[in-house]
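Trainee: Got a minute? I want to go over the empty space in this one.
Mentor: Sure, put it up.

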Amino acid sequence: MNHTNEFVRSKQPYDAIVVGAGASGLYALYHLQKRGYNAMLIEAGDGVAGTWYWNRYPGLRVDVESVEYSYAFDDDLQQEWEWSERYAAQPELERYFNHVADRFDLRPSILLSRRVTAAQFDEASGRWNVETDRGETFDAQYCIMATGLLSAPKDVNFPGLDEFKGVTAHTARWPEEGIDFAGKKVAVIGTGSSGIQVIPIVAETAEHLTVFQRTPAFAVPLRNCVPPEGYFEEVKANYAEWRRREKYASFGGWVAVNYKPVDLTTTSALAVSEEERLALYEDRWESGGLAFYNVYPDIFGDRAANDTLAEFLREKTRTRIDDPAIADILIPNDYPVMMRRLSAETNYYETFNRDNVTLVDVRATPIQSFTPIGLQTTEQEYDFDIAIFATGFDAMSGALVRIDIRGRDGQALTDHWSDEIRTTFGMMASGFPNMFYISGPGSPAPLFQPVLFCEDQMTWLTSLFSHMKTQGKTVVDPTPEFEETWIQECDRALDVTLFNETPSWYVGGNIEGKSGRGLIYFGGIHPYREWISKCASNDYAGFALQ
Ligand code: NA7
(Lines give C-alpha, C1' and ligand atoms only; values in the text may rest on other atoms or scores of the structure.)
Protein backbone atom coordinates (compact mmCIF):
# COMPACT_ATOMS: atom_id res chain seq x y z
CA MET A 1 0.00 0.00 0.00
CA ASN A 2 1.22 3.47 -0.80
CA HIS A 3 0.48 5.99 1.92
CA THR A 4 -1.03 9.33 1.31
CA ASN A 5 0.63 12.61 1.64
CA GLU A 6 -1.94 13.52 4.35
CA PHE A 7 -1.20 10.43 6.39
CA VAL A 8 2.52 11.04 6.33
CA ARG A 9 2.07 14.75 6.90
CA SER A 10 0.10 14.04 10.08
CA LYS A 11 3.33 12.67 11.53
CA GLN A 12 5.20 15.97 11.12
CA PRO A 13 7.45 17.46 12.38
CA TYR A 14 10.02 14.83 11.48
CA ASP A 15 13.27 14.18 13.19
CA ALA A 16 14.60 12.65 9.99
CA ILE A 17 13.76 12.18 6.33
CA VAL A 18 15.47 9.28 4.59
CA VAL A 19 15.75 9.51 0.80
CA GLY A 20 15.83 6.19 -1.05
CA ALA A 21 14.30 2.78 -0.24
CA GLY A 22 17.21 0.54 -1.19
CA ALA A 23 19.10 -1.65 1.26
CA SER A 24 20.63 1.35 3.07
CA GLY A 25 17.49 3.49 3.18
CA LEU A 26 15.27 0.73 4.52
CA TYR A 27 17.81 -0.03 7.19
CA ALA A 28 18.23 3.67 8.04
CA LEU A 29 14.46 4.02 8.54
CA TYR A 30 14.33 0.88 10.69
CA HIS A 31 17.35 1.94 12.75
CA LEU A 32 16.02 5.44 13.41
CA GLN A 33 12.51 4.30 14.32
CA LYS A 34 13.82 1.61 16.63
CA ARG A 35 15.68 4.31 18.54
CA GLY A 36 12.60 6.47 18.86
CA TYR A 37 13.21 8.95 16.04
CA ASN A 38 10.22 10.16 14.09
CA ALA A 39 11.47 9.26 10.63
CA MET A 40 9.91 8.88 7.18
CA LEU A 41 11.26 7.83 3.81
CA ILE A 42 10.74 9.15 0.28
CA GLU A 43 11.39 6.92 -2.75
CA ALA A 44 11.18 7.71 -6.47
CA GLY A 45 10.24 4.18 -7.54
CA ASP A 46 6.83 2.59 -7.23
CA GLY A 47 8.35 -0.05 -4.98
CA VAL A 48 11.16 -0.59 -2.48
CA ALA A 49 14.47 -2.48 -3.05
CA GLY A 50 16.59 0.20 -4.77
CA THR A 51 19.09 -1.51 -7.06
CA TRP A 52 16.90 -4.61 -7.09
CA TYR A 53 13.87 -2.55 -8.08
CA TRP A 54 15.40 -0.49 -10.89
CA ASN A 55 17.81 -2.97 -12.48
CA ARG A 56 15.54 -5.76 -13.68
CA TYR A 57 17.36 -6.87 -16.79
CA PRO A 58 17.37 -10.60 -17.53
CA GLY A 59 20.35 -12.33 -15.97
CA LEU A 60 20.71 -9.94 -13.05
CA ARG A 61 21.77 -11.63 -9.86
CA VAL A 62 23.90 -10.73 -6.88
CA ASP A 63 27.54 -11.83 -6.94
CA VAL A 64 28.05 -12.11 -3.18
CA GLU A 65 26.38 -15.20 -1.71
CA SER A 66 22.86 -14.35 -0.56
CA VAL A 67 23.40 -15.71 2.93
CA GLU A 68 26.03 -13.00 3.22
CA TYR A 69 24.43 -10.28 1.07
CA SER A 70 21.57 -9.85 3.53
CA TYR A 71 20.87 -7.95 6.72
CA ALA A 72 22.56 -9.10 9.91
CA PHE A 73 20.74 -6.81 12.33
CA ASP A 74 17.94 -9.19 13.27
CA ASP A 75 18.57 -12.86 13.90
CA ASP A 76 14.93 -13.85 13.46
CA LEU A 77 14.95 -12.27 10.00
CA GLN A 78 18.07 -14.13 8.89
CA GLN A 79 16.84 -17.40 10.40
CA GLU A 80 13.38 -17.31 8.82
CA TRP A 81 14.23 -16.08 5.30
CA GLU A 82 14.91 -18.93 2.87
CA TRP A 83 17.14 -18.32 -0.14
CA SER A 84 16.46 -20.59 -3.08
CA GLU A 85 19.89 -20.31 -4.75
CA ARG A 86 23.47 -19.61 -3.83
CA TYR A 87 23.30 -16.20 -5.55
CA ALA A 88 19.76 -14.81 -5.64
CA ALA A 89 18.39 -13.39 -8.86
CA GLN A 90 16.74 -9.96 -9.01
CA PRO A 91 13.14 -11.09 -8.33
CA GLU A 92 14.14 -12.92 -5.17
CA LEU A 93 16.13 -9.94 -3.88
CA GLU A 94 13.23 -7.63 -4.62
CA ARG A 95 11.00 -9.98 -2.60
CA TYR A 96 13.51 -10.02 0.25
CA PHE A 97 13.61 -6.24 0.61
CA ASN A 98 9.81 -6.07 0.36
CA HIS A 99 9.62 -8.68 3.09
CA VAL A 100 11.89 -6.52 5.27
CA ALA A 101 9.66 -3.49 4.70
CA ASP A 102 6.62 -5.53 5.78
CA ARG A 103 8.21 -7.44 8.61
CA PHE A 104 9.45 -4.32 10.36
CA ASP A 105 6.27 -2.37 9.58
CA LEU A 106 8.15 0.27 7.61
CA ARG A 107 5.54 0.85 4.90
CA PRO A 108 3.39 3.36 6.82
CA SER A 109 6.44 5.65 6.88
CA ILE A 110 7.38 5.25 3.21
CA LEU A 111 6.14 7.56 0.45
CA LEU A 112 6.69 5.92 -2.92
CA SER A 113 6.51 7.31 -6.45
CA ARG A 114 7.95 10.76 -5.84
CA ARG A 115 11.45 11.84 -6.60
CA VAL A 116 13.23 14.27 -4.30
CA THR A 117 14.22 17.16 -6.53
CA ALA A 118 15.56 19.71 -4.06
CA ALA A 119 16.57 20.19 -0.45
CA GLN A 120 17.45 23.46 1.29
CA PHE A 121 18.96 23.99 4.71
CA ASP A 122 17.19 26.68 6.69
CA GLU A 123 19.69 28.48 8.88
CA ALA A 124 17.06 29.97 11.22
CA SER A 125 15.42 26.67 12.15
CA GLY A 126 18.46 24.43 11.57
CA ARG A 127 16.21 22.11 9.54
CA TRP A 128 15.99 20.83 5.95
CA ASN A 129 13.15 21.53 3.54
CA VAL A 130 12.82 18.67 1.10
CA GLU A 131 10.85 19.02 -2.16
CA THR A 132 9.52 16.32 -4.45
CA ASP A 133 8.55 16.26 -8.11
CA ARG A 134 4.92 16.29 -7.00
CA GLY A 135 5.38 19.78 -5.60
CA GLU A 136 5.27 18.56 -1.99
CA THR A 137 7.57 19.87 0.72
CA PHE A 138 8.55 18.16 3.94
CA ASP A 139 10.82 19.36 6.68
CA ALA A 140 13.07 17.54 9.11
CA GLN A 141 15.96 18.13 11.44
CA TYR A 142 18.08 15.49 9.74
CA CYS A 143 18.17 14.55 6.08
CA ILE A 144 19.65 11.13 5.35
CA MET A 145 20.54 10.53 1.73
CA ALA A 146 20.46 6.80 0.99
CA THR A 147 20.35 7.53 -2.71
CA GLY A 148 22.65 4.71 -3.80
CA LEU A 149 26.23 4.47 -4.98
CA LEU A 150 25.36 3.03 -8.40
CA SER A 151 21.87 4.36 -9.03
CA ALA A 152 22.22 7.31 -11.42
CA PRO A 153 22.76 5.89 -14.93
CA LYS A 154 25.48 7.61 -16.91
CA ASP A 155 23.91 9.75 -19.64
CA VAL A 156 23.59 7.90 -22.93
CA ASN A 157 24.40 10.55 -25.49
CA PHE A 158 25.64 8.93 -28.69
CA PRO A 159 25.34 11.24 -31.69
CA GLY A 160 22.35 10.33 -33.83
CA LEU A 161 20.59 8.30 -31.13
CA ASP A 162 17.37 10.25 -31.74
CA GLU A 163 17.37 8.98 -35.32
CA PHE A 164 17.49 5.30 -34.32
CA LYS A 165 14.16 3.66 -35.21
CA GLY A 166 14.55 0.56 -33.04
CA VAL A 167 13.91 -0.13 -29.36
CA THR A 168 16.39 1.10 -26.73
CA ALA A 169 16.77 0.06 -23.10
CA HIS A 170 19.25 0.73 -20.30
CA THR A 171 20.07 -2.20 -18.02
CA ALA A 172 19.44 0.05 -15.01
CA ARG A 173 16.00 1.19 -16.25
CA TRP A 174 14.66 -2.05 -17.69
CA PRO A 175 10.96 -2.01 -18.67
CA GLU A 176 8.81 -3.93 -16.21
CA GLU A 177 7.08 -5.85 -19.02
CA GLY A 178 10.47 -7.11 -20.27
CA ILE A 179 11.78 -7.26 -23.85
CA ASP A 180 11.34 -10.20 -26.22
CA PHE A 181 14.53 -10.86 -28.16
CA ALA A 182 13.22 -13.80 -30.19
CA GLY A 183 13.88 -13.32 -33.88
CA LYS A 184 15.46 -9.90 -33.28
CA LYS A 185 18.84 -8.44 -33.99
CA VAL A 186 20.17 -7.02 -30.73
CA ALA A 187 23.15 -4.83 -29.80
CA VAL A 188 24.65 -4.60 -26.32
CA ILE A 189 26.96 -1.68 -25.63
CA GLY A 190 29.12 -2.09 -22.53
CA THR A 191 30.85 -5.07 -20.98
CA GLY A 192 30.99 -4.25 -17.25
CA SER A 193 29.12 -6.40 -14.73
CA SER A 194 25.69 -5.54 -16.21
CA GLY A 195 26.67 -6.28 -19.82
CA ILE A 196 28.41 -9.49 -18.78
CA GLN A 197 25.22 -10.73 -17.08
CA VAL A 198 22.77 -9.75 -19.81
CA ILE A 199 24.81 -10.82 -22.88
CA PRO A 200 24.56 -14.64 -22.45
CA ILE A 201 20.80 -14.42 -21.88
CA VAL A 202 20.16 -12.26 -24.94
CA ALA A 203 22.27 -14.59 -27.09
CA GLU A 204 20.08 -17.56 -26.18
CA THR A 205 17.01 -16.19 -27.98
CA ALA A 206 18.09 -13.33 -30.24
CA GLU A 207 18.47 -14.01 -33.94
CA HIS A 208 21.77 -12.18 -33.74
CA LEU A 209 23.64 -10.35 -30.98
CA THR A 210 26.38 -7.80 -31.59
CA VAL A 211 28.42 -6.86 -28.54
CA PHE A 212 30.25 -3.54 -28.60
CA GLN A 213 33.16 -3.75 -26.15
CA ARG A 214 35.43 -0.87 -25.28
CA THR A 215 37.41 -1.99 -22.22
CA PRO A 216 37.53 -5.76 -21.69
CA ALA A 217 36.73 -6.91 -18.17
CA PHE A 218 38.25 -9.54 -15.94
CA ALA A 219 35.40 -11.95 -15.22
CA VAL A 220 35.28 -15.21 -13.28
CA PRO A 221 32.65 -17.96 -13.17
CA LEU A 222 29.88 -17.24 -10.67
CA ARG A 223 28.98 -20.92 -10.24
CA ASN A 224 25.44 -20.22 -9.14
CA CYS A 225 23.52 -23.31 -8.02
CA VAL A 226 21.27 -24.66 -5.36
CA PRO A 227 23.95 -25.24 -2.69
CA PRO A 228 24.72 -28.69 -1.30
CA GLU A 229 22.12 -29.97 1.11
CA GLY A 230 22.54 -28.63 4.61
CA TYR A 231 24.66 -25.59 3.64
CA PHE A 232 22.06 -22.92 4.38
CA GLU A 233 21.18 -24.69 7.64
CA GLU A 234 24.83 -24.77 8.66
CA VAL A 235 25.29 -21.06 8.00
CA LYS A 236 22.13 -20.30 9.96
CA ALA A 237 23.30 -22.41 12.89
CA ASN A 238 26.53 -20.40 12.97
CA TYR A 239 25.30 -17.02 11.73
CA ALA A 240 26.75 -15.01 14.62
CA GLU A 241 30.23 -16.30 13.81
CA TRP A 242 29.77 -15.81 10.03
CA ARG A 243 28.63 -12.24 10.58
CA ARG A 244 31.53 -11.53 12.95
CA ARG A 245 33.99 -12.70 10.34
CA GLU A 246 32.26 -10.80 7.52
CA LYS A 247 32.29 -7.58 9.51
CA TYR A 248 35.64 -7.76 11.25
CA ALA A 249 37.82 -10.34 9.51
CA SER A 250 37.11 -9.99 5.81
CA PHE A 251 38.08 -7.72 2.96
CA GLY A 252 34.65 -6.88 1.58
CA GLY A 253 32.06 -8.25 3.98
CA TRP A 254 31.96 -11.77 2.56
CA VAL A 255 33.92 -14.83 3.60
CA ALA A 256 32.40 -17.88 1.88
CA VAL A 257 34.81 -19.91 -0.19
CA ASN A 258 33.74 -23.37 -1.25
CA TYR A 259 30.96 -23.25 1.36
CA LYS A 260 33.25 -22.48 4.28
CA PRO A 261 34.15 -19.13 5.84
CA VAL A 262 37.79 -18.21 5.23
CA ASP A 263 40.05 -15.84 7.13
CA LEU A 264 41.57 -12.76 5.60
CA THR A 265 45.00 -13.62 4.18
CA THR A 266 47.75 -11.31 5.34
CA THR A 267 50.68 -12.86 3.44
CA SER A 268 52.14 -11.28 0.31
CA ALA A 269 51.41 -13.07 -2.96
CA LEU A 270 55.15 -12.92 -3.61
CA ALA A 271 56.16 -14.38 -0.24
CA VAL A 272 54.82 -17.84 -1.02
CA SER A 273 55.93 -20.41 -3.57
CA GLU A 274 54.32 -20.41 -7.00
CA GLU A 275 52.83 -23.79 -6.20
CA GLU A 276 51.18 -22.51 -3.03
CA ARG A 277 49.92 -19.38 -4.77
CA LEU A 278 48.42 -21.28 -7.68
CA ALA A 279 46.76 -23.71 -5.28
CA LEU A 280 45.04 -20.78 -3.57
CA TYR A 281 43.94 -19.29 -6.90
CA GLU A 282 42.62 -22.70 -8.03
CA ASP A 283 40.65 -22.94 -4.80
CA ARG A 284 39.06 -19.53 -5.42
CA TRP A 285 38.43 -20.38 -9.08
CA GLU A 286 36.70 -23.56 -8.01
CA SER A 287 34.57 -21.67 -5.50
CA GLY A 288 33.48 -19.04 -8.01
CA GLY A 289 32.06 -15.54 -7.59
CA LEU A 290 34.00 -12.91 -5.71
CA ALA A 291 36.14 -15.37 -3.73
CA PHE A 292 39.17 -13.77 -5.41
CA TYR A 293 38.79 -10.72 -3.17
CA ASN A 294 39.83 -12.98 -0.30
CA VAL A 295 43.37 -13.62 -1.51
CA TYR A 296 46.67 -11.80 -0.91
CA PRO A 297 46.20 -8.15 0.15
CA ASP A 298 49.13 -6.87 -1.94
CA ILE A 299 47.15 -7.71 -5.09
CA PHE A 300 45.69 -4.25 -4.54
CA GLY A 301 48.94 -2.33 -4.23
CA ASP A 302 51.80 -4.20 -5.85
CA ARG A 303 51.83 -4.65 -9.61
CA ALA A 304 54.04 -7.75 -9.49
CA ALA A 305 51.70 -9.41 -6.98
CA ASN A 306 48.73 -8.31 -9.05
CA ASP A 307 50.24 -9.77 -12.22
CA THR A 308 50.29 -13.25 -10.66
CA LEU A 309 46.51 -13.23 -10.37
CA ALA A 310 45.93 -11.41 -13.66
CA GLU A 311 47.98 -14.01 -15.52
CA PHE A 312 46.18 -16.88 -13.78
CA LEU A 313 42.81 -15.47 -14.87
CA ARG A 314 44.01 -14.76 -18.41
CA GLU A 315 45.12 -18.38 -18.84
CA LYS A 316 41.89 -19.77 -17.42
CA THR A 317 39.80 -17.54 -19.67
CA ARG A 318 41.71 -18.29 -22.84
CA THR A 319 40.79 -21.99 -22.65
CA ARG A 320 37.09 -21.08 -22.85
CA ILE A 321 37.21 -19.11 -26.10
CA ASP A 322 37.46 -21.02 -29.39
CA ASP A 323 38.84 -18.25 -31.62
CA PRO A 324 42.25 -16.91 -30.46
CA ALA A 325 41.58 -13.58 -32.18
CA ILE A 326 38.34 -13.14 -30.19
CA ALA A 327 40.19 -14.19 -27.03
CA ASP A 328 42.76 -11.44 -27.65
CA ILE A 329 39.96 -8.88 -27.66
CA LEU A 330 38.09 -10.27 -24.65
CA ILE A 331 41.06 -10.75 -22.33
CA PRO A 332 42.41 -7.61 -20.64
CA ASN A 333 46.15 -7.16 -20.75
CA ASP A 334 46.74 -3.48 -20.06
CA TYR A 335 45.52 -2.82 -16.54
CA PRO A 336 45.75 -4.58 -13.16
CA VAL A 337 43.05 -7.06 -12.17
CA MET A 338 40.51 -5.98 -9.49
CA MET A 339 41.10 -2.29 -10.23
CA ARG A 340 37.89 -2.43 -12.18
CA ARG A 341 35.29 -4.39 -10.28
CA LEU A 342 35.75 -8.08 -10.89
CA SER A 343 32.69 -9.41 -12.73
CA ALA A 344 31.17 -12.80 -12.01
CA GLU A 345 29.61 -14.52 -15.00
CA THR A 346 27.65 -17.48 -16.24
CA ASN A 347 28.64 -18.71 -19.74
CA TYR A 348 29.90 -15.27 -20.69
CA TYR A 349 33.00 -16.33 -22.63
CA GLU A 350 31.29 -19.36 -24.20
CA THR A 351 28.68 -16.97 -25.61
CA PHE A 352 31.32 -15.66 -28.01
CA ASN A 353 31.72 -19.18 -29.44
CA ARG A 354 28.15 -19.04 -30.74
CA ASP A 355 27.38 -18.48 -34.43
CA ASN A 356 24.80 -15.81 -33.66
CA VAL A 357 27.18 -13.56 -31.68
CA THR A 358 29.61 -10.95 -33.04
CA LEU A 359 32.13 -9.04 -30.94
CA VAL A 360 33.12 -5.53 -32.01
CA ASP A 361 36.18 -3.95 -30.44
CA VAL A 362 35.24 -0.28 -30.24
CA ARG A 363 38.66 0.66 -28.94
CA ALA A 364 40.02 -0.34 -32.34
CA THR A 365 37.00 0.91 -34.30
CA PRO A 366 35.16 3.52 -32.20
CA ILE A 367 31.43 4.14 -32.43
CA GLN A 368 30.88 7.30 -34.48
CA SER A 369 27.13 7.65 -34.31
CA PHE A 370 23.80 5.92 -34.27
CA THR A 371 21.88 5.70 -37.53
CA PRO A 372 18.17 4.97 -38.21
CA ILE A 373 18.94 1.24 -38.51
CA GLY A 374 21.80 0.74 -36.04
CA LEU A 375 25.17 2.33 -35.53
CA GLN A 376 28.23 3.33 -37.46
CA THR A 377 31.77 2.63 -36.29
CA THR A 378 34.88 3.94 -37.98
CA GLU A 379 34.89 0.65 -39.90
CA GLN A 380 31.31 -0.22 -40.85
CA GLU A 381 27.59 0.12 -40.12
CA TYR A 382 25.86 -2.48 -37.93
CA ASP A 383 22.10 -2.90 -38.07
CA PHE A 384 19.87 -4.11 -35.23
CA ASP A 385 16.32 -3.84 -33.87
CA ILE A 386 17.11 -3.42 -30.19
CA ALA A 387 19.95 -1.48 -28.52
CA ILE A 388 20.78 -2.31 -24.91
CA PHE A 389 22.91 0.18 -23.05
CA ALA A 390 24.93 -1.44 -20.28
CA THR A 391 27.00 1.71 -20.06
CA GLY A 392 27.18 2.15 -16.30
CA PHE A 393 26.58 4.84 -13.74
CA ASP A 394 27.68 8.23 -12.51
CA ALA A 395 28.87 6.38 -9.43
CA MET A 396 28.93 7.56 -5.82
CA SER A 397 28.05 11.23 -6.34
CA GLY A 398 25.69 11.05 -9.37
CA ALA A 399 22.42 10.58 -7.49
CA LEU A 400 23.27 13.43 -5.11
CA VAL A 401 24.30 16.02 -7.68
CA ARG A 402 21.07 15.40 -9.62
CA ILE A 403 19.18 16.87 -6.62
CA ASP A 404 19.32 20.63 -6.10
CA ILE A 405 20.88 20.55 -2.64
CA ARG A 406 21.54 23.91 -0.99
CA GLY A 407 23.43 24.24 2.27
CA ARG A 408 24.49 27.27 4.28
CA ASP A 409 24.07 30.63 2.51
CA GLY A 410 22.29 28.87 -0.34
CA GLN A 411 25.50 27.19 -1.52
CA ALA A 412 24.83 24.40 -4.02
CA LEU A 413 26.35 20.99 -3.36
CA THR A 414 27.37 20.96 -7.04
CA ASP A 415 29.50 24.07 -6.34
CA HIS A 416 31.06 22.53 -3.26
CA TRP A 417 31.94 19.52 -5.41
CA SER A 418 32.75 21.38 -8.64
CA ASP A 419 36.49 20.55 -8.62
CA GLU A 420 36.47 17.35 -6.59
CA ILE A 421 34.21 15.46 -4.21
CA ARG A 422 34.72 16.84 -0.70
CA THR A 423 33.17 14.96 2.20
CA THR A 424 33.98 14.17 5.79
CA PHE A 425 34.07 10.40 6.30
CA GLY A 426 31.86 10.14 3.21
CA MET A 427 28.98 10.99 5.52
CA MET A 428 28.72 14.79 5.43
CA ALA A 429 29.96 17.81 3.49
CA SER A 430 31.10 20.97 5.25
CA GLY A 431 28.51 23.73 4.89
CA PHE A 432 25.65 21.22 4.55
CA PRO A 433 24.76 20.70 8.21
CA ASN A 434 22.51 17.86 9.33
CA MET A 435 22.64 16.17 5.92
CA PHE A 436 24.17 12.70 5.89
CA TYR A 437 25.05 10.27 3.11
CA ILE A 438 24.83 6.51 3.52
CA SER A 439 27.29 4.63 1.30
CA GLY A 440 28.10 8.08 -0.06
CA PRO A 441 31.13 9.42 -1.91
CA GLY A 442 34.24 9.48 0.25
CA SER A 443 33.23 6.28 2.05
CA PRO A 444 34.64 2.78 1.48
CA ALA A 445 31.17 1.51 0.46
CA PRO A 446 32.15 0.06 -2.96
CA LEU A 447 34.79 -2.10 -1.28
CA PHE A 448 32.43 -3.49 1.36
CA GLN A 449 29.03 -4.96 0.75
CA PRO A 450 26.50 -2.17 1.31
CA VAL A 451 23.85 -4.27 3.08
CA LEU A 452 26.22 -4.60 6.03
CA PHE A 453 28.02 -1.28 5.63
CA CYS A 454 24.89 0.78 6.34
CA GLU A 455 24.82 -0.67 9.85
CA ASP A 456 28.22 0.89 10.59
CA GLN A 457 27.25 4.32 9.35
CA MET A 458 23.81 4.42 10.95
CA THR A 459 25.18 3.27 14.30
CA TRP A 460 27.77 6.04 14.17
CA LEU A 461 25.18 8.63 13.19
CA THR A 462 22.68 7.83 15.92
CA SER A 463 25.52 7.89 18.47
CA LEU A 464 26.34 11.37 17.16
CA PHE A 465 22.67 12.38 17.47
CA SER A 466 22.58 11.13 21.09
CA HIS A 467 25.76 13.03 21.85
CA MET A 468 24.21 16.19 20.39
CA LYS A 469 21.11 15.70 22.50
CA THR A 470 23.11 15.39 25.71
CA GLN A 471 25.03 18.54 24.76
CA GLY A 472 21.82 20.45 24.00
CA LYS A 473 22.85 20.86 20.33
CA THR A 474 20.66 20.50 17.27
CA VAL A 475 22.96 21.22 14.33
CA VAL A 476 26.17 19.45 13.26
CA ASP A 477 28.55 20.52 10.50
CA PRO A 478 32.05 19.21 9.77
CA THR A 479 34.68 21.92 9.78
CA PRO A 480 36.43 22.74 6.48
CA GLU A 481 39.76 21.88 8.13
CA PHE A 482 38.64 18.42 9.15
CA GLU A 483 37.13 17.86 5.72
CA GLU A 484 40.54 18.63 4.23
CA THR A 485 42.09 16.09 6.61
CA TRP A 486 39.67 13.47 5.30
CA ILE A 487 40.33 14.30 1.65
CA GLN A 488 44.04 13.96 2.28
CA GLU A 489 43.48 10.62 3.97
CA CYS A 490 41.48 9.56 0.89
CA ASP A 491 44.39 10.65 -1.33
CA ARG A 492 46.90 8.80 0.81
CA ALA A 493 44.84 5.63 0.75
CA LEU A 494 44.35 5.81 -3.03
CA ASP A 495 48.04 6.43 -3.65
CA VAL A 496 49.10 3.12 -2.10
CA THR A 497 46.79 1.16 -4.42
CA LEU A 498 46.73 0.50 -8.16
CA PHE A 499 43.18 1.85 -8.64
CA ASN A 500 44.37 4.92 -10.51
CA GLU A 501 45.95 2.75 -13.21
CA THR A 502 42.69 2.38 -15.13
CA PRO A 503 39.88 4.92 -15.62
CA SER A 504 36.98 3.02 -14.03
CA TRP A 505 33.97 4.35 -12.14
CA TYR A 506 35.96 3.76 -8.94
CA VAL A 507 38.05 6.82 -9.77
CA GLY A 508 35.52 8.84 -11.77
CA GLY A 509 37.22 7.76 -15.01
CA ASN A 510 34.00 6.72 -16.76
CA ILE A 511 32.59 10.28 -16.75
CA GLU A 512 34.31 12.97 -18.73
CA GLY A 513 35.78 15.66 -16.51
CA LYS A 514 34.94 13.89 -13.25
CA SER A 515 37.65 13.96 -10.61
CA GLY A 516 38.38 10.79 -8.71
CA ARG A 517 39.69 12.74 -5.74
CA GLY A 518 37.68 12.00 -2.61
CA LEU A 519 35.25 9.73 -4.48
CA ILE A 520 35.99 6.55 -2.54
CA TYR A 521 37.96 5.82 0.61
CA PHE A 522 40.30 3.11 -0.63
CA GLY A 523 41.64 2.46 2.86
CA GLY A 524 38.70 0.07 3.20
CA ILE A 525 36.41 -0.73 6.07
CA HIS A 526 38.91 -1.49 8.82
CA PRO A 527 40.89 1.80 8.86
CA TYR A 528 37.60 3.60 8.20
CA ARG A 529 36.11 2.18 11.36
CA GLU A 530 39.21 3.27 13.29
CA TRP A 531 38.85 6.84 11.99
CA ILE A 532 35.19 7.21 12.80
CA SER A 533 35.35 5.56 16.21
CA LYS A 534 38.39 7.62 17.20
CA CYS A 535 36.50 10.75 16.22
CA ALA A 536 33.47 9.69 18.29
CA SER A 537 35.58 8.96 21.35
CA ASN A 538 37.19 12.35 20.88
CA ASP A 539 33.78 14.06 21.32
CA TYR A 540 33.36 14.28 17.54
CA ALA A 541 36.35 16.56 17.12
CA GLY A 542 36.23 18.02 13.61
CA PHE A 543 32.45 18.41 13.73
CA ALA A 544 31.09 21.77 14.90
CA LEU A 545 27.96 21.50 17.04
CA GLN A 546 25.54 24.34 17.69
P1 NA7 B 1 30.36 -0.40 -15.68
O2 NA7 B 1 31.10 -1.41 -14.91
O3 NA7 B 1 30.73 1.03 -15.50
O4 NA7 B 1 30.46 -0.82 -17.21
C5 NA7 B 1 30.00 0.03 -18.22
C6 NA7 B 1 30.47 -0.51 -19.55
O7 NA7 B 1 29.96 0.32 -20.59
C8 NA7 B 1 31.98 -0.50 -19.70
O9 NA7 B 1 32.37 -1.63 -20.42
C10 NA7 B 1 32.22 0.77 -20.50
O11 NA7 B 1 33.41 0.80 -21.21
C12 NA7 B 1 31.04 0.74 -21.42
N13 NA7 B 1 30.74 2.04 -21.98
C14 NA7 B 1 30.31 3.13 -21.30
N15 NA7 B 1 30.15 4.17 -22.15
C16 NA7 B 1 30.50 3.71 -23.37
C17 NA7 B 1 30.57 4.30 -24.66
N18 NA7 B 1 30.24 5.58 -24.85
N19 NA7 B 1 30.97 3.55 -25.70
C20 NA7 B 1 31.30 2.26 -25.51
N21 NA7 B 1 31.27 1.64 -24.32
C22 NA7 B 1 30.88 2.36 -23.27
O23 NA7 B 1 28.78 -0.50 -15.38
P24 NA7 B 1 27.91 -1.78 -15.03
O25 NA7 B 1 26.49 -1.36 -15.01
O26 NA7 B 1 28.26 -2.92 -15.89
O27 NA7 B 1 28.38 -2.17 -13.58
C28 NA7 B 1 28.42 -1.20 -12.55
C29 NA7 B 1 28.60 -1.86 -11.23
O30 NA7 B 1 27.38 -2.47 -10.81
C31 NA7 B 1 29.59 -2.97 -11.18
O32 NA7 B 1 30.90 -2.54 -11.09
C33 NA7 B 1 29.15 -3.74 -9.96
O34 NA7 B 1 29.62 -3.12 -8.80
C35 NA7 B 1 27.66 -3.63 -10.02
P36 NA7 B 1 34.67 1.63 -20.59
O37 NA7 B 1 35.03 0.86 -19.35
O38 NA7 B 1 34.15 3.00 -20.23
O39 NA7 B 1 35.68 1.63 -21.63
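**Cavities and a pocket**

Trainee: How many cavities of 30 Å³ or more does a search of the whole structure find?
Mentor: Five. Bear in mind that this is a predicted model.

Trainee: What volume does the largest cavity have?
Mentor: About 70 Å³.

Trainee: Which residues lie nearest its centre?
Mentor: Glu-65, Tyr-87, Trp-254, Ala-256 and Leu-290. They belong to a lining of 13 residues.

Trainee: And how does the lining of the largest cavity divide by class?
Mentor: Six residues are nonpolar, three are polar and four are charged.

Trainee: Which domains does that lining draw on?
Mentor: Domain 1 (3–152 + 394–545) and domain 3 (231–318) each give at least three residues to the lining of the largest cavity.

Trainee: Switching to pockets. What is the volume of the second largest pocket?
Mentor: About 400 Å³. Its lining has 24 residues, and Phe-251, Pro-297, Phe-300, Phe-522 and Gly-523 are the closest to the centre.

Trainee: Which elements give two or more residues to that lining?
Mentor: α16 (480–495) and α17 (525–537). The largest share comes from α17, with three residues.

Trainee: What about classes in the lining of the second largest pocket?
Mentor: There are 14 nonpolar residues, nine polar and one charged.

Trainee: And which domains feed the lining of this pocket?
Mentor: Domain 1 (3–152 + 394–545) and domain 3 (231–318). Each supplies at least three residues to the lining of the second largest pocket.

Notes. Residues are numbered from 1 along each chain as its sequence is written. This is a predicted model: local features need pLDDT of at least 70, side-chain atom pairs count only at pLDDT 80 or more; totals for chains, interfaces and linings use all residues. Side-chain values use heavy atoms; hydrogens and water are left out. On a 1 Å grid over the protein atoms alone, a cavity is a set of points where a 1.4 Å probe fits but cannot get out, and a pocket is an open set with protein on both sides within 12 Å along at least five of seven lines; lining residues have an atom within 4 Å of a point. Grid points are joined across faces, edges and corners, and a volume is the space filled by probe spheres set on the points. Ala, Val, Leu, Ile, Met, Phe, Trp, Tyr, Cys and Pro count as nonpolar, Asp, Glu, Lys and Arg as charged, and the others, Gly among them, as polar. Domain bounds come from an automatic or database domain assignment. Helices (H or I, at least four residues) and strands (E, at least two) are DSSP runs, numbered from the N terminus.
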